[in-house]
Amino acid sequence: MAIALLLTVCFLFNSQPAAAKKRLPRLLVFSKTAGFRHDCIPAGKIAMIKLGQAHGFEVDTTEDASVFNTKNLKRYAAVLFLNTTGDVLNNEQQSAMEGYIHNGGGYMGIHAATDTEYGWPWYNKLAGAWFTSHPAQQNATLLVVDRNHEATRHLEEKWVRWDEWYNFKDLNPDVHVLIKIDESSYKGGENGGNHPMSWYHDFEGGRAFYTELGHTKESYTDQAYLQHVMGGLRYAMNLKTKK
């Protein structure tokens, strides 16, 4: 009798992990475009999947805006707008996104995420700015003004890189800026001495992180850039900070 009971207990114990195993955090990568479409989007999706595999989170990629509903968004630790452009969500989907953030969700935007939803003022505050223009791609010097965040801790105070550099309007003054760009280091800057390139903020119950970097395909195999992105994802997804 005792042996049978012990075997039963052992069976139940050993059968628990598959069902009771803690679910991994999940990231939704959204790359719908209703304007210019970046040719780096496929490379960006692959890079996000690889980051998930390396850092212990699941990744879903989509361009189907119908996934923006209250029930589905609850599955995700954060939503990443990967080079989205134009009007990508309808009113109902926008409301679901707002509710998601209000309930503690996370948002991250890469590059053209600020070239998105110009008719939705709430999104402008969430993302932190709207795109206005850019000069030709070129090298520029980035000024890392806060190296205490995981997205910037690995960087030197100056980071020279090639990318497409945005000018912005309607910058949210309440964000915490991590990186600025030195307009004297390239041609075509229009924001002056205070030209942010990456920032984050707690926002209406949730979290938001944005990086302007990420126009080129090469970005998504650049380890310094991917470490920067991963730091942003950790913040947006509310993951434990890597020591």
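Glu 183 is buried, with a relative accessible area of 19%; buried means under 20% relative accessible area, exposed means over 50%, and partly exposed lies in between (1.4 Å probe, protein chains only). The place of Glu 183 is the loop between β9 and β10. Contact means heavy atoms within 4.5 Å. With neighbours within four places in sequence left aside, Glu 183 is in contact with Gly 189, Glu 190, Asn 191, Gly 192 and His 195. Glu 183 and Trp 165 are 18 residues apart in sequence, and their C-alpha atoms are 10.0 Å apart in space.

This is a predicted model, in which local features need pLDDT of at least 70 and side-chain atom pairs count only at pLDDT 80 or more, while totals for chains, interfaces and linings use all residues. Residues are numbered from 1 along each chain as its sequence is written, and side-chain values use heavy atoms, with hydrogens and water left out.

## The chain as a whole

The chain holds 6 helices and 11 strands. Helices (H or I, at least four residues) and strands (E, at least two) are DSSP runs, numbered from the N terminus. Of the 243 residues of the chain, 51% count as buried. The C-alpha atoms fill a box of roughly 85 × 40 × 30 Å, taken along the principal axes. Among contacts in the chain with a separation of 6 or more, 72% come from residues 24 or more positions apart.

## The sheet

In which order do the 9 strands of the open sheet stand? The order is β2-β1-β3-β4-β11-β10-β9-β6-β7, and the pairing is mixed. Two strands pair if DSSP finds at least two bridges between them. β2 and β7 (158-163) stand at the edges with a single partner strand each, so one side of each is left without a neighbour in the sheet. On average, neighbouring strands of this sheet are turned by 20° against each other, direction ignored. Axes are lines fitted to C-alpha atoms, for helices over the stretch in contact, and angles run from 0 to 180 degrees between N-to-C directions.

Two of the pairings can be followed residue by residue. β1 (residues 26-30) and β2 (residues 58-62) pair in the parallel sense over 5 bridges, and the bridge partner of Val 29 in β2 is Thr 61. Strand β1 is mostly covered, with 4 of its 5 residues buried. β4 (residues 106-110) and β11 (residues 206-211) also pair in the parallel sense, over 5 bridges. Here the bridge partner of Gly 106 in β11 is Arg 207.

## Two helices across the sheet

Helix α2 lies across β1, β2, β3 and β4, and runs at about 160° to β2. Helix α6 lies across β1, β3, β4, β7, β9, β10 (196-203) and β11, and runs at about 165° to β11.

The two helices also meet each other. The axes of α2 (residues 41-55) and α6 (residues 223-237) come within 11 Å and cross at roughly 70°. That makes α2 roughly perpendicular to α6; angles under 35 degrees count as roughly parallel, over 145 as roughly antiparallel, 65 to 115 as roughly perpendicular and the rest as oblique.

Which residues meet where α2 and α6 are in contact? Ala 47, Met 48, Leu 51 and His 55 in α2 meet Leu 226, Val 229, Met 230, Leu 233 and Arg 234 in α6. These residues divide into 7 nonpolar, 1 polar and 1 charged. Ala, Val, Leu, Ile, Met, Phe, Trp, Tyr, Cys and Pro count as nonpolar, Asp, Glu, Lys and Arg as charged, and the others, Gly among them, as polar.

## Residues in loops

His 38 sits in the loop between β1 and α2. His 38 is buried, with a relative accessible area of 4%. Leaving aside its neighbours within four places in sequence, His 38 is in contact with Asn 83, His 111, Ala 112, Glu 164, Tyr 166 and His 215.

Most residues other than glycine have a negative phi. The table lists two residues that are not glycine and have a positive phi.

| Residue | Phi | Loop | Relative accessibility |
|---|---|---|---|
| Asn 83 | about 55° | between β3 (78-82) and α4 (91-102) | 0%, buried |
| Asp 170 | about 50° | between β8 (167-169) and β9 (176-181) | 43%, partly exposed |

Asn 83, a contact of His 38, counts as buried, whereas Asp 170 counts as partly exposed.
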